Amino acid sequence: MEISMAKRHLTANDVADWFINRVDENKLETITFRQVMNLVYFAQAWHVTHTGRKLFEEQIEAWALGPALPSLYERFANMAAASIAKFDVQVVIKDRKLEILELVAQEYSGFTPDELTRLATVKDGPWAKSRDGLSAESSSHRTIDVDIMKNYYGQKIGKV
């Protein structure tokens with residue numbers, strides 16, 4: 001079954017589902033909750049960098065262990081280390097949004113959960129800037145500003 005995005009706005013969960021359903025189980029590929037969380041973060045960052053618009057409206061928070069979306073945490077927290085299975089329902093994403101998701105998948109799909117977290121939590125990056133003044137262990141619901149994402153990743157690709 002397919003859900004067309006023409007009738008509603010894309011959500012962080014839609015983006016997560018897209019990454020999960022992209023996994024090729026025939027090639028023994030897997031995806032974990034931590035990978036999904038980071039891929040959704042990178043998708044938002046790349047989309048805002050390339051288009052100037054958010055991919056989805058939900059705020060990404062700067063939690064102690066990395067970028068986090070509360071809705072994804074609630075949905076997948078009990079599967080933290082397990083591989084997430086594909087869903088029967090597939091979200092249809094088209095045009096520029098799909099192009100950017102494909103770019104993110106190509107760039108980051110081969111990384112382990114720890115490698116993705118290291119990339120998402122670099123010292124000068126948006127996550128670190130959002131946690132400025134907090135200890136490494138401190139709990140936080142501070143949001144990661146999309147303008148900071150746009151500037152940081154824009155500098156990386158020469159768009160700023």
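Mentor: Helices are DSSP runs of H or I with at least four residues, strands are E runs of at least two, and both are numbered from the N terminus. Threonine 117, for example, lies in helix H5 (residues 113-120). Keep in mind that this is a predicted model, where local features need pLDDT of at least 70, side-chain atom pairs count only at pLDDT 80 or more, and totals for chains, interfaces and linings use all residues. Residues are numbered from 1 along each chain as its sequence is written, while side-chain values use heavy atoms and leave out hydrogens and water.

Trainee: How many helices and strands are there in the protein chain?

Mentor: The protein chain has 7 helices and 4 strands, and along the sequence they follow the pattern β-α-α-β-β-α-β-α-α-α-α.

Trainee: Back to threonine 117: is it buried or exposed?

Mentor: Buried means under 20% relative accessible area, exposed over 50%, and partly exposed in between (1.4 Å probe, protein chains only). Threonine 117 has 14% relative accessibility, so it counts as buried. Across the 160 residues of the protein chain, 42% count as buried.

Trainee: And which residues does threonine 117 touch?

Mentor: Contact means heavy atoms within 4.5 Å. Leaving aside residues up to four places away in sequence, threonine 117 touches Arg34, Asn38 and Leu65. For the chain as a whole, take the contacts between residues at least 6 apart in sequence: 73% of them join residues at least 24 apart.

Trainee: Now helix H2. What span is expected for it, and what does it reach?

Mentor: The expected span is 1.5 Å times one less than the number of residues. H2 (residues 33-51) has 19 residues and reaches 27 Å from first C-alpha to last, close to the 27 Å expected. H2 is mostly covered, with 16 of its 19 residues buried. Right after H2 comes glycine 52, with a positive phi near 80°.

Trainee: At what angle do H2 and helix H4 pack?

Mentor: Axes are lines fitted to C-alpha atoms, for helices over the stretch in contact, and angles run from 0 to 180 degrees between N-to-C directions. H2 and H4 (residues 95-108) pack at about 130°, with axes 9 Å apart. Angles under 35 degrees are roughly parallel, over 145 roughly antiparallel, 65 to 115 roughly perpendicular, and the rest oblique. H2 and H4 are therefore oblique to each other.

Trainee: Which residues meet there?

Mentor: From H2 you get Leu39, Phe42, Ala43, Trp46, His47, His50 and Thr51; they meet Arg96, Lys97, Ile100, Leu101, Leu103, Val104, Glu107 and Tyr108 in H4. By class, the contact of H2 with H4 has 9 nonpolar, 3 polar and 3 charged residues. Here Ala, Val, Leu, Ile, Met, Phe, Trp, Tyr, Cys and Pro are nonpolar, Asp, Glu, Lys and Arg are charged, and the others, Gly among them, are polar.

Trainee: What about phi of aspartate 95?

Mentor: Most residues other than glycine have a negative phi. Aspartate 95, found in helix H4, has a positive phi near 60°. Aspartate 95 is exposed, with a relative accessible area of 62%.

Trainee: Where does alanine 77 lie?

Mentor: Alanine 77 lies in the loop between helix H3 (70-76) and strand S4 (90-92). At 26% relative accessible area, alanine 77 is partly exposed. Its C-alpha is separated by 7.4 Å from that of phenylalanine 33, 44 residues apart along the chain.

Trainee: Last one: which residues of helix H7 are buried?

Mentor: In H7 (residues 146-157), the buried ones are Val146, Met149, Tyr152, Tyr153 and Gly154. Those buried residues pack against H2 and helix H6 (126-130).
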